[in-house]
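Me: I would like to learn how to read a structure step by step, beginning with its pockets and then moving on to strands and single residues. Could you take me through one?

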Amino acid sequence: MAILCPSTAIYHLLFSSLLLFFACYVSGIPVYGAEEGKDGFHSTPVSSLLPKNKCLASARGGSQGLPITQKYGPCSGSGHSQPPSPQEIFGRDESRVSFINSKFNQYAPENLKDHTPNNKLFDEDGNFLVDVAFGTPPQNFTLILDTGSSITWTQCKACTVENNYNMTYGDDSTSVGNYGCDTMTLEPSDVFQKFQFGRGRNNKGDFGSGVDGMLGLGQGQLSTVSQTASKFNKVFSYCLPEEDSIGSLLFGEKATSQSSSLKFTSLVNGPGTLQESGYYFVNLSDISVGNERLNIPSSVFASPGTIIDSGTVITRLPQRAYSALKAAFKKAMAKYPLSNGRRKKGDILDTCYNLSGRKDVLLPEIVLHFGGGADVRLNGTNIVWGSDESRLCLAFAGNSKSTMNPELTIIGNRQQLSLTVLYDIQGGRIGFRSNGCSP
């Protein structure tokens, strides 16, 4: 066997290293900081980031709890065959976000002197549906799941106990009816007598086309969470599914049975009183992209605060945080061409890539760091949005740059897809698990 002298060995080592570098460069594989499964990058099929049109029979959210489906997905039985365009989705999302912020701006110290409560409610076009039964015998209703609403209501005839209500939503949809009580059945073993809810008689907007009302999961006194507290102790969890699968909504012990595998962060107080808001506030402390911390001061997210919301689609970040996230994402995706397509009016996503002809894409993992060490890892459809491979975009947006009325950080449902999110209100905490909607 030939023995190489030190200088010859070093030469061969350097030559081999150059060959490896050249091979990686030519093939387009990043040499530093982007190896599959390491350094916070994951190889993802481009097809998995696009809309799906077939329900996967095996993608059920477990045998327990109430099944959750996406309103316009192939697993939904709501009768919505034609999904809205991205511009319509973003327009409705902007309406909801604007309403939420207007509601909390009224609690700002400079606005309290002339405080007039904003009683307008939300855009009804929620993404996720569950079936709940009311009456005796039980009659099923398909309801929008909404953690931002504390009122549950359905479309049906006038209630025996009549108190009129008139609700207007963020998109000018309305529901007029009676507020009364009846039996609510979540599952055969979970039946609640004298449950208080609204019964709509005259409804305008999307209600009636496969959607019968709203399941309010906020913290208000009349929410489903509060009215079932004697049995469920104000604990529930959900896993919001992707289009081609089915998630689940669990209450009480069925939800807490998963708690050992979750990472928890504390619920904190937000602007206004609990009864006035009903939202779930948490402390978001920082963000990572591809295992690199952005080192955003936690104070950026603290005023006026951060909420978890099942009805908002795209996560909204303060401008300082969004700018840092966008720059880090573009750096991590530098090998891919930006989309040349012009942004359409109303498009809120501004960092897009053309992945046409590519089978896979190496995406950086995005981590949301919450107080108490709860790190929520996002991949695939949690971080990218697109209707075709020529325009796949970073699925986050920045708040307005106005300093007069600072806007909330809102963790939207796109970033919650396939996460188990557990709300333990009495325990003052929210937990997260990133292993999909399997039991």
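Me: Which residues lie nearest the centre of the largest pocket, and how many residues line it?

Reply: A pocket is best read through the residues that line it, and in this predicted model the largest pocket is lined by 34 residues, with Gln-70, Ile-89, Glu-243, Trp-385 and Arg-414 lying nearest its centre. Its volume is about 700 Å³.

Me: Which element gives the most to the lining of the largest pocket, and what classes of residue does the lining have?

Reply: You can sort a lining by element and then by class. Helix H2, which spans 86-105, and strand E22, which spans 384-388, each supply at least two residues of the lining, and H2 gives the most, with five residues. By class, the lining has 13 nonpolar, eleven polar and ten charged residues.

Me: How should I read a strand such as E11, and are its faces covered or open?

Reply: In a regular strand the side chains alternate between the two faces of the sheet. In E11, which runs over residues 247-251, five of the five residues are buried. Gly-247, Leu-249 and Phe-251 are on one side, while Ser-248 and Leu-250 are on the other, and both faces are covered.

Me: Which strands pair with E11, and which residues are the bridge partners of Leu-249?

Reply: To read pairing, look for the bridges between strands and for the sense in which the strands run. Strand E2, residues 66-70, is joined to E11 by three bridges, and the two run antiparallel; here Leu-66 has Leu-249 as its bridge partner. Strand E10, residues 235-239, also pairs with E11 in the antiparallel sense, over four bridges, and in this pairing Tyr-238 has Leu-249 as its bridge partner.

Me: Why is strand E14 described as largely enclosed?

Reply: Strand E14 covers residues 284-289, and five of its six residues are buried, so the rest of the structure largely encloses this strand. E14 pairs with strand E20, residues 366-370, in the antiparallel sense over five bridges, and Ser-288 stands opposite Val-367 in E20. E14 also pairs with strand E15, residues 292-293, antiparallel and over two bridges, where Val-289 stands opposite Glu-292. The hairpin of E14 and E15 has two residues between the strands, and in this hairpin Gly-290 takes a positive phi near 60°.

Me: Is Ser-226 buried or exposed, and what does its side chain reach?

Reply: For a single residue, begin with its accessibility and then turn to its surroundings. Ser-226 lies in helix H3, residues 224-227, and it counts as buried because its relative accessibility is 18%, where the cut-off for buried is under 20%. The side chain of Ser-226 reaches the backbone oxygen of Gly-220 at 2.7 Å. Setting aside neighbours within four places in sequence, Ser-226 is in contact with Gln-219, Gly-220, Gln-221 and Lys-234.

Me: Where does Pro-337 lie, and which residues does it touch?

Reply: The same order of reading works in a loop. Pro-337 lies in the loop between helix H8, 319-332, and strand E18, 352-353, and with 36% relative accessibility it counts as partly exposed. Not counting residues up to four places away in sequence, Pro-337 touches Tyr-353, Asn-354 and Arg-358. Separation along the chain and separation in space can then be read side by side: Pro-337 and Ser-390 are 53 residues apart in sequence and 9.9 Å apart in space, C-alpha to C-alpha.

How values were computed
Residues are numbered from 1 along each chain as its sequence is written. This is a predicted model: local features need pLDDT of at least 70, side-chain atom pairs count only at pLDDT 80 or more; totals for chains, interfaces and linings use all residues. Side-chain values use heavy atoms; hydrogens and water are left out. On a 1 Å grid over the protein atoms alone, a cavity is a set of points where a 1.4 Å probe fits but cannot get out, and a pocket is an open set with protein on both sides within 12 Å along at least five of seven lines; lining residues have an atom within 4 Å of a point. Grid points are joined across faces, edges and corners, and a volume is the space filled by probe spheres set on the points. Ala, Val, Leu, Ile, Met, Phe, Trp, Tyr, Cys and Pro count as nonpolar, Asp, Glu, Lys and Arg as charged, and the others, Gly among them, as polar. Buried means under 20% relative accessible area, exposed over 50%, partly exposed in between (1.4 Å probe, protein chains only). Two strands pair if DSSP finds at least two bridges between them. A polar contact is a pair of N or O atoms within 3.5 Å; within protein, one must be able to donate a hydrogen and the other to accept it, and residues adjacent in sequence count only if both atoms are side-chain atoms. Contact means heavy atoms within 4.5 Å.
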